[in-house]
Structures are given as C-alpha cells and as structure tokens.
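Student: Could you take me slowly through one part of this model, and then show me how the helices around that part are packed? I would like a single connected account that I can follow with the structure open.

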Amino acid sequence: MTPMVLLASAIAGIVLMLVLIIRFKLHPILTLLIVSMFVALFAGMPAAKIVPAIEAGMGKTLGHIAIIIALGAMIGKIVEISGGAQVLARDLITRFGDRRVPLALTLAGFLIGIPVFFEVGVIMVMPLLYGVSNVTRRSLMIFALPMCAAMLTVHSFLPPHPGPAAAAAQIGANMGRVLAFGVPITLLVCGAGALIAQRMTRREFTYAPDIRAAVSGCEGEMFKAGPESSVHALPSAEPPGFWLIVGLILLPIVLIMLGTMLSIFLPPGFSYAGAAHLIGSPITALLLDTLLAGYTLGLRRGWSFEQVSTVIGSAVPGVAMVILIAGCGGVFGNILVESGIGHVISDMLRTTGLPVLALAFILSMILRAVQGSTTVALVTTAGILGPMIAEMHANPNQLALLALAMGGGGLSVSHVNDAGFWIFTKLSGIDVADGLRTWTVLTTTLGILGFLVTCLLWPFVS
C-alpha cells in the first residue's frame with residue numbers, strides 16, 4: 001500500500017471511532033475492536049494476519065497492566081469500605097486548621113486519588129464535603145472544586161490508573177520512573193489547582209435544591225463514615241488510623257520507586273539485584289500492599305477472611321471494563337504497527353516540526369476533547385505515537401516524561417461528553433454553564449500546566 005492509502009486508513013479509522021462513540025454511543029471496547037479491523041482491512045493487511053495481530057496487541061498490553069489495575073482497585077476498595085478516605089480527609093482538616101481547609105482537602109484528594117478511581121472517589125467524598133460546607137457555612141464549591149480536580153489529576157497522570165498505566169506500557173516507559181517524575185509533578189499541579197480554584201469560587205453559585213437540602217441536612221454528620229455504612233454489612237470497628245491509611249497509599253509507590261533506583265545503581269551481576277527488581281516491580285508492590293491492607297484494615301479490625309475476600313472481589317467487576325478498554329487500545333496500537341500505518345504517521349508527524357513531547361500532549365488533548373474518556377485518549381495517543389517514539393530511541397527518563405505529557409492532555413477539556421463532568425456537576429449541584437466555567441477551565445489549565453512542567457524537565461533528562 002502507498003503511504004497516502006495508509007494515512008487515509010488511519011484518518012478514516014479515527015473518524016469512525018469518534019462517530020461510533022459520540023453519535024451512536026457505542027461502548028469503547030466494541031468501538032476499538034471495530035475500528036481496528038476496519039483500519040487493518042482498509043490498509044490492505046492480509047486477512048489471515050488480522051486476528052493474530054488483535055490477539056498480540058491485547059496480550060502485550062494486558063500482560064503488563066491487567067494485574068496492576070486490578071490490584072490497585074482492590075486496595076482502593078478496602079480503603080473505601082473501611083472508612084479510610086473519610087479518616088484521611090478528617091484528620092487533614094484538623095491538622096491544617098479551619099483557614100486552610102480547601103488546601104487540606106486538596107491534599108486528601110491527591111492521596112485518595114492514588115488508590116481510588118476518580119468517579120468512585122467523587123461519590124465517596126461528596127457527603128464529607130456537604131458536611132464541611134455545613135459546618136463552616138461556606139459555599140460547597142470552595143471545597144469540592146479543588147478536591148475533585150486533584151483526584152482527576154492523579155487519575156490522568158499516575159499508575160495504577162488505567163490510562164497512565166496503559167500509555168506507559170505501550171511506549172515502554174518504566175512505571176517507577178513515571179511515578180518518580182509524576183508524583184512531584186502531580187502534587188505541584190494539585191497545589192496550583194487549589195490556588196486557581198480559590199479565585200474561581202469567590203463568587204456566589206446557585207445550587208440545585210436537592211444539593212442544598214443535602215448540605216443543610218449534614219448538621220453534626222460531617223465525619224460520620226466508616227465500614228458500618230457499607231453494603232457489605234461489615235462489623236463495626238474504630239476508624240483506621242490516619243498514618244496507617246497514608247502508609248498503605250504510599251507503600252507501593254515507595255517500593256516501585258525504590259526498585260527502579262536500585263536497578264539503576266546496582267550492577268547487573270550483583271547478587272541482590274534480582275531480588276530488588278522483584279520487590280520493586282509494580283505487581284509485587286501492589287500485591288504486598290493489597291495483603292497488608294486486607295490484614296490491617298480488615299482482619300485486625302474484626303472482619304472475617306470471607307468478608308475481606310468479598311470486599312477485595314467486589315473491586316474486580318468495576319474495573320473489568322476499564323481493563324478491557326485498555327487492552328483494546330493496545331489492539332488498535334498494534335494494528336497501526338503491523339499494517340505499516342505507524343511508520344507513515346511517524347514520518348508525517350516529523351514534518352510538522354513539533355517536538356514529540358508537544359505531539360503527545362496535543363494528540364491526547366484533542367482525543368480527550370472529542371470523545372470524553374481519558375483512558376481512550378491516552379491509549380490511542382500511545383498507539384499512534386508508539387512507532388515514532390520507538391524510532392527516536394528515547395532514554396528511560398524521556399519515555400516517562402512522554403507518558404506524563406499524554407496525561408496532561410488526558411486531564412484537559414473535561415466537558416459535556418465526559419462522564420466525570422456530569423458526576424461532578426450533579427453531585428456538587430451546579431448547572432452546566434457553571435461547570436464549563438469552572439470544572440472545564442480548571443482541568444484544561446491544570447493539564448496545560450502539567451505539560452509545561454514536563455517541557456521544563458525535558459532538557460535535563462535528554
């Protein structure tokens with residue numbers, strides 16, 4: 001096939017994907033599979049090679065991230081059911097004082113956002129935010145906007161969330177390095193979000209009647225949360241300790257980063273190099289943390305083995321679709337490579353003169369804006385740019401920054417085609433216009449800021 005036909009195949013495939021998702025509301029899993037087959041046939045791939053390419057793309061992606069996403073979801077579920085998120089937010093508010101409650105909630109949003117998926121996190125913390133608004137007699141948006149923006153920022157930048165994990169896997173970025181750069185970048189972006197949100201929320205907001213009623217009905221209920229509120233009917237127990245929750249959230253990050261650092265500084269033949277690599281791998285780190293969370297938040301607090309197992313198992317159905325979406329993104333990426341489209345796109349993108357870091361951000365932001373899903377935007381961008389990134393022979397630090405630049409694009413432009421936009425606006429009680437003026441503007445600003453930080457770091461890792 002000529003380069004023009006291959007390029008036309010890619011463009012037609014992306015257009016078809018957008019039409020199926022936006023116009024016909026087709027599920028991303030089906031959309032990505034249909035588009036992958038369509039592109040393969042349009043590009044002239046032999047029919048006998050299409051299914052093996054699909055299987056290879058799915059296996060290569062899921063073999064690296066499926067367990068990571070599932071274990072991360074299990075940790076988040078245990079923290080959620082045990083009441084750990086509420087303990088974290090409550091103690092941070094107490095430690096920071098009344099004047100700095102929004103900043104305390106932003107930090108809580110960052111920590112809660114590491115093990116808990118964004119949509120689940122918003123639903124978890126909103127009753128707490130209603131209580132804070134009631135007790136302080138301040139507008140709900142003052143607290144909700146920075147805290148929820150922090151959770152979305154973590155969701156877009158840091159593994160084990162599916163988009164960042166899948167993008168890193170597809171371009172070959174080491175997750176330890178992604179975390180080493182991503183954690184401070186995400187903290188910086190979340191802090192900036194708190195300051196920007198403070199200015200955005202100085203005006204009055206009109207809240208929906210049901211949210212006004214929920215806030216006014218929270219008198220004395222601000223910190224009432226715990227395992228007894230769970231549908232799993234777990235035994236009542238004292239809330240878990242603040243530092244225990246912080247330790248459980250940070251332990252896998254520390255282990256993964258430690259394993260990465262040791263692999264850099266230890267000689268390959270060193271007797272303990274293999275053990276350091278094993279302990280610092282994302283799968284081992286998250287598995288150890290899941291077992292530790294099951295014991296400290298469950299068994300030690302009166303849960304039975306069966307109840308712990310039930311809570312852990314309940315996390316899997318919620319992430320099964322997300323895992324498959326990430327895998328289907330890998331399918332699309334592999335089809336682009338196997339059909340030769342990837343190399344044609346790489347050559348075309350080089351002619352734009354834009355640095356690959358800018359291309360990673362712009363492509364993911366465009367895809368995020370037009371179809372709504374951060375995960376789909378990141379895995380599709382990684383698939384499109386994968387061949388180009390492979391040819392540039394980037395070093396491990398550059399690959400990590402490329403993954404984070406994609407995350408900046410995936411954070412941006414959350415608007416009416418994004419489920420997260422509707423969850424935030426409905427639970428905070430603001431209308432669509434206010435959501436676009438605050439939530440959409442803030443997420444876009446933070447995405448651009450995250451990208452600019454990666455640009456500043458790029459010369460120092462080249």
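Tutor: Let us begin at Lys25, which is exposed, since its relative accessible area is 66%, above the 50% that marks an exposed residue. Please keep in mind throughout that this is a predicted model. Lys25 sits in the loop between α1 and α2, and its backbone deserves a second look, for it has a positive phi of about 55° although it is not a glycine.

From that loop we can move on to helix α2 itself, which runs over residues 28-42 and so has 15 residues. From the first C-alpha to the last, α2 reaches 20 Å, close to the 21 Å expected at 1.5 Å a residue. The residues of α2 that are buried are Pro28, Ile29, Thr31, Leu32, Val35, Ser36, Val39 and Ala40. Looking down the axis of α2, one finds these buried residues within an arc of 160°, and they therefore line one face of the helix. As for what lies over them, the elements that cover the buried residues of α2 include α1 (3-23), α3 (47-81), α14 (305-338), α15 (341-351) and α17 (374-391). Just after α2, the chain passes through Gly44, which takes a positive phi of about 85°.

Two of those covering helices, α3 and α17, are worth following further. In α17 we find Thr381, which is buried, with a relative accessible area of 0%. If residues up to four places away in sequence are left out, Thr381 touches Ala360, Leu363, Ser364, Leu367 and Met406.

In α3, Gly63 gives the opposite picture: this glycine belongs to the helix, but at 58% relative accessibility Gly63 counts as exposed. For a sense of distance, the C-alpha atom of Gly63 is separated by 15 Å from that of Ala53, the two residues being 10 apart along the chain.

The partner of α3 that we can describe in most detail here is helix α13 (residues 282-298), and the two pack at an angle of about 20°, with their axes 9 Å apart. Because angles under 35 degrees count as roughly parallel, α3 and α13 are roughly parallel to each other, and their crossing is left-handed. On the α3 side, the residues that meet α13 are Ile67, Ile68, Leu71, Gly72, Met74, Ile75, Ile78 and Val79. On the α13 side, the contact is made by Pro282, Ile283, Leu286, Leu287, Asp289, Thr290, Ala293, Gly294 and Leu297.

One of these residues of α13 lets us look into the contact more closely, namely Thr290. At 5% relative accessibility, Thr290 counts as buried, and, with residues up to four places away in sequence not counted, Thr290 touches Leu71, Met74, Ile75, Ile78 and Ile312.

A second helix pair makes a useful contrast in geometry. The axes of helix α4 (residues 84-96) and helix α11 (residues 242-265) come within 9 Å and cross at roughly 115°, and here too α4 passes α11 in a left-handed crossing. In this pair, Gly84, Val87, Leu88, Asp91, Leu92 and Arg95 in α4 meet Phe242, Trp243, Ile245, Val246 and Ile249 in α11.

Some points further along the chain can be set beside what we saw at the start. Gly131, which lies in helix α6 (residues 118-136), is buried, with a relative accessible area of 0%. The C-alpha atoms of Gly131 and Gly217 are separated by 8.4 Å, while the two residues are 86 apart along the chain. In the loop between α6 and α7 comes Arg137, which recalls Lys25 in its backbone: Arg137 has a positive phi of about 60° although it is not a glycine. Arg137 counts as exposed, at 63% relative accessibility, just as Lys25 is exposed at 66%.

Finally, there is a feature of the peptide backbone to find in the loop between α7 (140-157) and α8 (162-171), where Pro160 is located. The peptide bond that leads from Pro159 to Pro160 is cis, with omega near 10°.

Notes:
Residues are numbered from 1 along each chain as its sequence is written. This is a predicted model: local features need pLDDT of at least 70, side-chain atom pairs count only at pLDDT 80 or more; totals for chains, interfaces and linings use all residues. Side-chain values use heavy atoms; hydrogens and water are left out. Helices (H or I, at least four residues) and strands (E, at least two) are DSSP runs, numbered from the N terminus. The expected span of a helix is 1.5 Å times one less than its number of residues. Buried means under 20% relative accessible area, exposed over 50%, partly exposed in between (1.4 Å probe, protein chains only). The arc is that of the directions from the helix axis to the C-beta atoms. Contact means heavy atoms within 4.5 Å. Axes are lines fitted to C-alpha atoms, for helices over the stretch in contact, and angles run from 0 to 180 degrees between N-to-C directions. Angles under 35 degrees count as roughly parallel, over 145 as roughly antiparallel, 65 to 115 as roughly perpendicular and the rest as oblique. A crossing is left-handed if the near helix is turned anticlockwise from the far one by less than a right angle, and right-handed if clockwise.
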